[in-house]
Each structure stands twice: as structure tokens, then as C-alpha cells.
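These are my notebook entries on one structure, written down in the order in which I looked things up.

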Amino acid sequence: MSTAVVILAAGSGSRVGAEVNKVLLPLRGVPVLVWSVRDALALPDVRRLVLVVRPEDRSAVESAVAPHLGDQEVLVVDGGATRHASEWAALQVLAPDVEAGEVDVVVVHDGARPLAGRPLWEAVVTAAREVGGAIPVVPVTHLLTQDQRIVSERVGGVQTPQAFRARDVLAAYRAASADGFVGTDTSACVAAYRDIDVAAVPGSPLNLKVTFPEDVALAEELSPTGP
């Protein structure tokens, strides 16, 4: 059994006020993206790691991660106009390994979430193998509706990494491509086309997504001394 990991890094730095892709911003001495790359490569059975980037960032991303790979390799793929298109681009690269049975689980993660942590990566992979899919979920205690009402019912916020059995996630994205369906994230697409069980794995409040300027400073404060 082997795992393939897709890390989405095709965003920009516009909302963090940066001139470069936010995943290339420094976090305790290394680029934000490197934290996720190291966690992914630390999985005991990882076979493929695919980084999805903007074409204009390809050279910068390759240079940023190269010093941290050791003897391991990554595949760098150009992303699309949407998150869904970027995921589909990566899955098409992984399709031969999935069809050959060489990869049984695919994990998709936001490169702008550097603090997911290795235990969470391992937890979603294990759960996906057991039941079909797994997503990290954190409690949301209060939710404000459009008419300014506060919803007190228990709801959850979904994070990444999200993991699914490889054949199911590939089949879902092929069907979505044929239909023109665009999902908001991996779990939305799989749910639309495959009838599988998905485990809700406890996420972490530390697993923040770098989106705004203050997120970079907060990640610096929350992160350990090194990735």
C-alpha cells in the first residue's frame, strides 16, 4: 500500500500583501510550503508527492523546496484557474499509478496550511484506508447567518489534509470533468460522485490557513522551533 500526496500551491500573495506566492513566504527560516512538504515526505508509505503551482511560480517553488528533499523527489504540475482544476491536474498525473494499483490513498492538502502536523497527516491516511475517506474537522461554536442570526447548533469547520481511497477520488474527478462539475474542495467532489464513508478526524485550531497578513505572524507564534 502506498500514498500519493497532492499539495496545492497555486494561490497568490495578494491578500497577505506580498509580492510573491504566500507559500513562499518565510516561516521560521524556511518557506511556508516546506513545512507541508516535510510532513508529507515523512509519511511511512508515501510514493508520490505532487506540487501544484502557478506556471510563473514553478522555478521559485522548485528552488524553494529542493534543499529540503534529500534523495526524495517531487513532481511539479501547473495548476488551473480554480482549486478543482488544480486538483484534477494533479490526479491526471497520478492516474497511471492509481490504475496500476501502486497507490491506494491520495491525500490533498493546502500548501498555505503549514501547521497541520504529522500526526494529523497520519490520522487521515489511516482512516481513509479503513473507511474510504477522511477529513479533519474542528468545532465551530458560533456561526453568523446572512440575516445576522447566531446559529448555536453544533457545526464543524473542514480543514486539510483530506484523504480518500485513490480509485474513488480519481473516478469522482473523471466524472466531474465529464459533467463540468466544480467542487469547493476534494470532499465536495467525492461526495457528489461516490457513495463512500468519510471519517471526521479531529482537526486542530493550530492548523490555520495563511490568508491575511496577520496569519503569517500568528503562524510564526504558533509554530514549533522548526518544521
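Entry 1, a helix pair. I began with the contact of α5 with α6, in a model that is predicted, and listed the residues on each side: Val169, Ala172, Tyr173, Ala175, Ala176 and Asp179 in α5 meet Thr186, Cys189, Val190 and Tyr193 in α6. I then sorted the residues of this contact by kind, and they divide into eight nonpolar, one polar and one charged. For the geometry I looked up the two axes, which come within 9 Å and cross at roughly 80 degrees. Because angles of 65 to 115 degrees count as roughly perpendicular, I noted α5 as roughly perpendicular to α6.

Entry 2, the buried side of α6. Which residues of α6 are buried? I found Thr186, Ser187, Cys189 and Val190, in a helix that runs over residues 186-193. These residues cover an arc of only 165 degrees around the axis, so I recorded them as lying on the same side of α6. I also asked what covers the buried residues of α6, and the elements I wrote down include α3 (83-99), β6 (105-110), β7 (132-140), β11 (162-165) and α5 (166-179).

Entry 3, another helix. I turned to α1, residues 32-41, and noted that this helix is mostly covered, with nine of its ten residues buried. The buried residues of α1, as I listed them, are Val32, Leu33, Val34, Trp35, Ser36, Val37, Asp39, Ala40 and Leu41.

Entry 4, a glycine in a loop. I located Gly79 in the loop between β5 (75-78) and α3. Is Gly79 buried or partly exposed? Its relative accessible area is 25%, and because buried means under 20% and exposed over 50%, I entered Gly79 as partly exposed. Leaving out residues up to four places away in sequence, I found that Gly79 touches Val52, Val53 and Ser86. I also checked Gly79 against Gly11, which is 68 residues apart from it in sequence, and the C-alpha to C-alpha distance came to 9.2 Å.

Entry 5, the whole chain. I closed with totals for the protein chain, whose secondary structure comes to seven helices and twelve strands. Buried residues make up 48% of its 227 residues, and the accessible surface comes to about 10,800 Å², of which 52% belongs to carbon and sulfur atoms. Among contacts between residues at least 6 apart in sequence, I noted that 74% join residues at least 24 apart.

How values were computed: Residues numbered from 1 in each chain as written. Predicted model: local features only at pLDDT ≥ 70, side-chain atom pairs only at ≥ 80, totals over all residues. Heavy atoms only, no water. Buried < 20%, exposed > 50% of the residue type's maximum accessible area, 1.4 Å probe, protein only. Arc of directions from axis to C-beta. Contact = heavy atoms within 4.5 Å. Areas by Shrake-Rupley, 256 points an atom, 1.4 Å probe, with all protein chains shown as cover. Axes fitted to C-alpha atoms, helices over the stretch in contact; angles between N-to-C directions. Parallel < 35°, antiparallel > 145°, perpendicular 65-115°, else oblique. Nonpolar A, V, L, I, M, F, W, Y, C, P; charged D, E, K, R; others polar.
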